[in-house]
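Me: I should like to go through this structure and ask, for each label, what justifies it. Please set each value against its criterion.

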Amino acid sequence: MEKLLISGGKPLEGEVRISGAKNSVLPILAASLLTNEDVIIGNVPHLQDVTTTISLLTEMGATLSIDEKMKVCINAASIDSLYAPYEMVKTMRASILVLGPLLAHFGEAKVSLPGGCAIGSRPVNLHIEGLRAMGANIKVVDGYIVAKAKKLRGAKINFPTATVTGTENIMMAGVLATGKTVIKNAAKEPEIIDLANCLRLMGAKIDGDGSSVITIEGVKNLKGCNYDVLPDRIETATFLVAAAITNGDLTLTHTRPDTIKVIINKLKKAGANIAVKNDNINIKVNKKLDAVNIVTNPYPDFPTDMQAQFIALNSISRGKSKVVESVFENRFMHVQELVRMGADIEINGNTAIIKGVKKLTGAPVMATDLRASASLILAGMVAEGETIVDRIYHIDRGYECIEEKLTKLGASIKRLPQ
Ligand code: UD1
């Protein structure tokens, strides 16, 4: 398994271009299943999860081409298999996003149940219940969701918990259903708005995305479109923390500062100097920051996908802090690894209590999931000595060219072969 070797102590300086959002491009790729025409997607990040989704779509029979700028053109008219196998779904839970579009456009689907993952049980019961309310006949057979619906019909769906991919699946099902679908307690993430913008270009009638009530008026057919995905707010925020933890001076370009207000405010509170201009953010840090308390919650609150990175930052900041994880049940796997690097962190249920230490020291550590890997890289960049991060394949799922980008900014980081 590939590893990353990091020598700590180098401040990050310079300019970095933010890539397209993983959590936007995955549902938008799935949305290409809703039409027989070409869907052309730009600002596609070169990520393992994108490769997995593209393989899934082509195995189903879609035709696909990619140009040198990573513009992806998909045509689903030739789909001849409505099947997402366990081997693919187990590597990427977001494969569940093909369920709604397949049912809506082709009337059936067989998609593996994702099962558990490192950050908790992560069920998909709300996706299934929502589609059932729209008239789908769904059975779970031998670990697979087997779904059929001659024609989905609009329904009122009230999610007991706001779910991002659940909202996206129901939106994609609703656009081709008969009548009106209303999603209450819908997720409000910017990636939901991005998907809705793309679907609207395809001819869908959607209102209220970005609020907790989304209304969809079903249409007969959707057409092709040409759409550029939103910049990645989690990559943006991770680079801001990278600058903060290394006492750096970074300018992030091609991003959307309005999607990470809560992160910018936390970093300012910690003592970072941040200036926002159009789609650029500059961050300068030249002192030890103050630790900040965090409670993760759905958008627009603090994102769970930034919890691990802020724990790394808090662990070498001044003072004691409390980080509460409210979205996933088991998302502190990075903590024991940070402790091996000298961090002082105690876990009590869904709360981490962090006492800032003077320094971290390099150590061999193990990445357990995507954002945990990011936190270990951040810790490695500030630690004294060398850190080796194992199981680095997690990072390639969600960060485009991470070591190239960091190296260009002055970090000492190298991929070691298997
Ligand atoms: C998405 C993001 C992921 C992010 C997460 C929370 C994508 C591809 N992934 O994941 O990066 O960490 O949102 O912001 O966009 N739940 C249920 N039943 C369901 C569905 C969800 O109980 O059927 C629960 C989950 O266990 C969790 C909460 O709802 O506690 C939110 O999860 P959800 O928003 O669905 O996460 P994902 O869409 O999988």
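Reply: One may begin with the ligand: in this predicted model, a backbone N or O atom of Val164 lies 2.8 Å from one of the ligand's oxygen atoms.

Me: What makes this pair involving Val164 a polar contact?

Reply: A polar contact requires N or O atoms within 3.5 Å. The distance for Val164 is 2.8 Å, so the pair qualifies. A polar side-chain atom of Thr163 lies 2.7 Å from an oxygen atom of the ligand, and for Pro123 a backbone N or O atom lies 3.3 Å from a ligand oxygen. Both values also fall within 3.5 Å, so these pairs are polar contacts too.

Me: How much of the ligand does the protein bury?

Reply: The ligand taken alone exposes 740 Å², and the protein buries 84% of that area.

Me: Which residues around the ligand come nearest, and which helices supply at least two residues of the shell?

Reply: The ligand has 18 residues around it, of which Leu126, Thr163, Thr165, Asp305 and Val327 come nearest. Helices α5 (125-133) and α6 (164-174) each supply at least two residues of the shell. The largest contribution is that of α5, with three residues. By class, the shell has eight nonpolar, seven polar and three charged residues.

Me: Why is Ser375 called buried?

Reply: A residue counts as buried when its relative accessible area is under 20%. The value for Ser375 is 0%, and Ser375 is therefore buried.

Me: Where is Ser375 found, and which residues does Ser375 touch beyond four places away in sequence?

Reply: Ser375 is part of helix α12, which covers residues 370-382. Leaving out residues up to four places away in sequence, Ser375 touches Ala308, Gln309, Ala312, His334 and Leu338. Ala308 is 67 residues from Ser375 along the chain, yet their C-alpha atoms are separated by 5.4 Å.

Me: Why is Cys73 called buried, and Cys401 partly exposed?

Reply: Cys73 has a relative accessibility of 19%, which is under 20%, so Cys73 counts as buried. Cys401, at 36%, lies between the limits of 20% and 50% and therefore counts as partly exposed.

Me: How many disulfides does the structure hold, and why does Cys73 not form one with the closest cysteine sulfur?

Reply: A search of the whole structure finds zero disulfides. The cysteine sulfur closest to that of Cys73 belongs to Cys225, at 10 Å. A disulfide requires two cysteine sulfur atoms within 2.5 Å, so the sulfurs of Cys73 and Cys225 are too far apart for a bond.

How values were computed. Residues numbered from 1 in each chain as written. Predicted model: local features only at pLDDT ≥ 70, side-chain atom pairs only at ≥ 80, totals over all residues. Heavy atoms only, no water. Buried < 20%, exposed > 50% of the residue type's maximum accessible area, 1.4 Å probe, protein only. Contact = heavy atoms within 4.5 Å. Near = heavy atom within 4 Å. Polar contact = N/O pair within 3.5 Å; in protein donor to acceptor, adjacent residues only side chain to side chain. Areas by Shrake-Rupley, 256 points an atom, 1.4 Å probe, with all protein chains shown as cover. Nonpolar A, V, L, I, M, F, W, Y, C, P; charged D, E, K, R; others polar.
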